[in-house]
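Biologist: I'm new to this one. Can you put it up and walk me through it?
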Amino acid sequence: MTDTSLSLLWDTTRLRLLVEIDQQGTVSAAARSVGIGQPSASEHLRLLEAAAGQRLVERNGRGSRLTEAGSLLAARAREALAALQAGEEELGALAGLEAGTIHIGASTTPGVYLLPDTLGCFRRDHPNVDVEVEIASTDEMIERLLAGRVQLALVGETQVDERIELTPFLSDEIVGIAKPGLLPIKAGRIKPAALASQTLLVREAGSSTRQTAERALAALGAGTARTWELDSSEAIKRAAREGLGIAFLSRYAVAEEIERGELASFRLAGQPRIERRLFVARLARRPLTPSEEGFIATLTRCCAKNAEFAAACVA
C-alpha cells in the first residue's frame, strides 16, 4: 500500500511542479518547464492533493491557479529548492569549485546606475557564476522576490512584512534637477514656493524614488502646477534637459549629466536633504548561497566608488 504522508511524497519534481504552476499559470506549461508530460503532472498533483486532504490547484477555462493551500505549499517548496541549491553550492565550495546561477532583481536606480559596474567586478572575481538580471520598480521587484522569480533584489526604501529581510548596502540622496537657468537656484538651493508654477516629472507609482520625493514635498506642503508621469529615469532626464519640467531623482541617476552641465541640481532651501537607503532584499527564511554572499560583498565594495563620484558631482 502506498504511503500517502505528504512529507514522504515530496521530491524535487513535485516541488518544482507547484512552483511552476504558480509562475506559469497552467499545468501543461508547468509540466514542460519541469520536463515531464501533462499526464504525469496530473498524477503528481493527485497524489499531493490526496496527501494534503484538500485541493491545491483550481482549473478554469484560462488555465490553473493555486488555492490558498497550494500557495502555502508552493512557498515552502521554493524554500526547499533554494536550500538544496545552497547545499549544492556549498559542496562545490568544499571541492574548490564555484559555479551556478544567481537570479538578481533590481529597481531602476540600482539596476541601471549601480548594477552594471558591480556585475563587471563580480564577473572578474567569479568567472564561473552566471548572473541573470530583471529590472522593475521597487514594489514589483518585491512581488517577484516573493514569487521566487529572483533570489536577491536591490531596492529602495519600502514596506515589507516578515517574509522579507532588508539589508542596507548604500546611502542615497534624492536631488532636484532642472534645465540650467530654468529656476532661481542660489548656492544649490531653491525656495519650495518657486516650484509652484512648474511641471513635476515623476516615475510610476511603485517607484521608491517617487515615493520618497513625494513624502518630502507633502511634508512641506510644497506643490507643483501639474504632474507628468514618465516610464523611466532616462525619459525624465531628457524631458528636464528640454525645460519641460523639474524632477527629483537619485544622485546616482543624474551625476554624469550634472558633471557635464546638462542639468542643474538643487536642494530645498531651509530643509534637510532628501535621503534614503538602498537595500538588498531576500526571503528571510532562505540561507544565502556562497555565490550570493560573494555578490553582496562585491556590491558593497563597488558601490563605494559610485558614491564618491556622485557626491563629488552633486556638491
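Modeller: Let's start with a bond. Cys121 and Cys302 form a disulfide, with sulfur atoms 2.5 Å apart. Keep in mind that this is a predicted model.

Biologist: How many disulfides does the count come to?
Modeller: The count comes to 1 disulfide.

Biologist: Left-handed or right-handed, that link of Cys121 and Cys302?
Modeller: The link is left-handed, with -140° about the S-S bond.

Biologist: Which parts does the pair tie together?
Modeller: Cys121 sits in helix α7 (residues 115-125) and Cys302 in helix α12 (residues 290-313), so the disulfide joins parts that are 181 residues apart in sequence.

Biologist: And are Cys121 and Cys302 buried or exposed?
Modeller: Both are buried.

Biologist: What about Cys303? How far away is the nearest cysteine sulfur?
Modeller: That distance is 7.0 Å, to the sulfur of Cys302. Cys303 is in no disulfide.

Biologist: Why does Cys303 count as buried?
Modeller: Its relative accessible area is 0%, and buried means under 20%.

Biologist: Let's stay with α12. Where does Leu299 lie?
Modeller: Leu299 is in that helix, α12. Leu299 counts as buried too, at 1% relative accessibility.

Biologist: How far apart are Leu299 and Phe169 in space?
Modeller: They are 7.9 Å apart, C-alpha to C-alpha. In sequence, 130 residues separate Leu299 from Phe169.

Biologist: New topic: helix α9. Why does its span agree with what it should be?
Modeller: Helix α9 covers residues 208-220, which is 13 residues. At 1.5 Å a residue, α9 should span 18 Å, and its end C-alpha atoms are 19 Å apart, so the two agree. The expected span is 1.5 Å times one less than the number of residues.

Biologist: What caps the N-terminal end of α9?
Modeller: Ser207 does. A side-chain oxygen of Ser207 lies 3.2 Å from the backbone nitrogen of Thr209.

Biologist: And what follows α9?
Modeller: Gly221 follows α9, and its phi is positive, near 70°.

Biologist: Which residues of α9 are buried?
Modeller: The buried ones are Ser208, Thr209, Arg210, Thr212, Ala213 and Leu217.

Biologist: Where else is phi positive, in a residue other than glycine?
Modeller: Ala187 is such a residue, with phi near 55°. Ala187 is in the loop between β6 (164-178) and β7 (189-190).

Biologist: Is Ala187 buried or exposed?
Modeller: Ala187 is exposed, with a relative accessible area of 82%.

Biologist: Now the empty space. How many cavities of 30 Å³ or more are there?
Modeller: A search of the whole structure finds 2. The largest cavity holds about 90 Å³.

Biologist: Which elements give two or more residues to the lining of that largest cavity?
Modeller: They are β8 (199-202), α9 and β10 (246-250). The largest share, 5 residues, comes from α9. Residues in the lining include Thr209, Arg210 and Leu217.

Biologist: How do the residues of that lining divide?
Modeller: The largest cavity has 8 nonpolar, 1 polar and 3 charged residues in its lining.

Biologist: And the second largest cavity? How much space lies there?
Modeller: About 50 Å³. Its lining has 1 nonpolar, 9 polar and 2 charged residues. Ser207 is among the lining residues, as are Ser208 and Thr209. α6 (108-113) gives the most, with 3 residues.

Biologist: Switching to pockets. How much space lies in the largest pocket?
Modeller: About 570 Å³. The largest pocket is lined by 21 residues. Val19, Leu81, Gln85, His103 and Gly148 lie nearest its centre.

Biologist: Which elements each supply at least two residues of the largest pocket's lining?
Modeller: Those are α2 (12-24), α5 (68-94), β3 (100-106) and β4 (129-135). By class, the lining has 7 nonpolar, 7 polar and 7 charged residues.

Biologist: What volume has the second largest pocket?
Modeller: About 300 Å³. It is lined by 13 residues, and the closest to its centre are Ala75, Glu79, Leu146, Arg163 and Leu283.

Biologist: Where does the largest share of that second lining come from?
Modeller: From α5, with 6 residues. The lining of the second largest pocket divides into 6 nonpolar, 1 polar and 6 charged residues.

Technical notes. Residues are numbered from 1 along each chain as its sequence is written. This is a predicted model: local features need pLDDT of at least 70, side-chain atom pairs count only at pLDDT 80 or more; totals for chains, interfaces and linings use all residues. Side-chain values use heavy atoms; hydrogens and water are left out. Helices (H or I, at least four residues) and strands (E, at least two) are DSSP runs, numbered from the N terminus. Buried means under 20% relative accessible area, exposed over 50%, partly exposed in between (1.4 Å probe, protein chains only). A polar contact is a pair of N or O atoms within 3.5 Å; within protein, one must be able to donate a hydrogen and the other to accept it, and residues adjacent in sequence count only if both atoms are side-chain atoms. On a 1 Å grid over the protein atoms alone, a cavity is a set of points where a 1.4 Å probe fits but cannot get out, and a pocket is an open set with protein on both sides within 12 Å along at least five of seven lines; lining residues have an atom within 4 Å of a point. Grid points are joined across faces, edges and corners, and a volume is the space filled by probe spheres set on the points. Ala, Val, Leu, Ile, Met, Phe, Trp, Tyr, Cys and Pro count as nonpolar, Asp, Glu, Lys and Arg as charged, and the others, Gly among them, as polar. A disulfide is a pair of cysteine sulfur atoms within 2.5 Å.
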